[in-house]
Amino acid sequence: MNIRLTEQDIRALLLQTLPIEPDDLTVKIGEDGTVSASAMIHKQTLQKEELVSGGLRTALLFLPEQCKLYGCWKFTVLDGKVESNCTQAEIAGFSLPKEARSLLSVRLGDAVNQCLEQQKIRPEKLLWENGVLYIQT
């Protein structure tokens with residue numbers, strides 16, 4: 001059986017997963033096995049939600065009031081679970097460190113697997129088309 005996910009479906013999943021609600025969230029599904037997302041967010045939201053710490057908090061001071069967020073993930077299936085790998089993450093054009101990308105990978109992978117488990121879906125393979133992702137069970 002194949003489950004069809006569109007860019008709108010993944011957008012809805014991201015909105016449920018993110019600890020903040022960004023403006024103008026767009027999602028693109030590529031034929032190359034990637035999902036990319038971009039959105040706008042206010043710097044004040046990042047400060048208020050305490051989503052950044054340490055050196056990132058200092059860097060936040062230099063960002064414009066409204067920032068573009070961008071992320072790109074590769075997805076695979078291993079042992080009936082979806083794994084995500086954040087290959088790129090940027091805020092206002094600055095790349096986030098590997099630790100932040102790893103955290104994004106874990107959170108998104110966990111959210112996808114939680115949704116699949118709630119629906120009693122065990123993925124075996126992912127199939128990619130431009131704009132559509134199929135989960136083969």
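In the second largest pocket, α4 gives the largest share of the lining, 5 residues. The model is predicted: local features need pLDDT of at least 70, side-chain atom pairs count only at pLDDT 80 or more, and totals for chains, interfaces and linings use all residues. Residues are numbered from 1 along each chain as its sequence is written, and side-chain values use heavy atoms, with hydrogens and water left out.

**The pocket**

The second largest pocket has a volume of about 340 Å³. A pocket here is an open set of points on a 1 Å grid over the protein atoms alone, where a 1.4 Å probe fits, with protein on both sides within 12 Å along at least five of seven lines. Lining residues have an atom within 4 Å of a point. The volume is the space filled by probe spheres set on the points, which are joined across faces, edges and corners.

Of its 19 lining residues, Leu 5, Leu 13, Val 112, Cys 115 and Ile 135 are the closest to the centre. Two or more residues come from each of β1, α1, α4 and β8. By class, the lining has 16 nonpolar, 2 polar and 1 charged residues. Ala, Val, Leu, Ile, Met, Phe, Trp, Tyr, Cys and Pro count as nonpolar; Asp, Glu, Lys and Arg as charged; the others, Gly among them, as polar.

**The sheets**

Helices (H or I, at least four residues) and strands (E, at least two) are DSSP runs, numbered from the N terminus. Two strands pair if DSSP finds at least two bridges between them.

One open sheet has 3 strands in the order β1-β8-β7, with antiparallel pairing. Its edge strands are β1 (2-6) and β7 (125-129), each pairing on one side only. The other open sheet has 5 antiparallel strands, ordered β2-β3-β4-β5-β6. Here β2 (23-29) and β6 (94-95) are the edges.

| Strand pair | Bridges | Partner residues |
|---|---|---|
| β1 and β8 (residues 132-136) | 5 bridges | Asn 2 and Gln 136 |
| β2 and β3 (residues 34-42) | 5 bridges | Thr 26 and Ser 38 |

**The helices**

Angles run from 0 to 180 degrees between N-to-C directions of axes, which are lines fitted to C-alpha atoms, for helices over the stretch in contact. Contact means heavy atoms within 4.5 Å.

Helix α1 (residues 7-17) lies across β1 and β8, at about 75 degrees to β1. Helix α4 (residues 98-118) lies across β4 (66-78) and β5 (81-91), running at about 140 degrees to β5.
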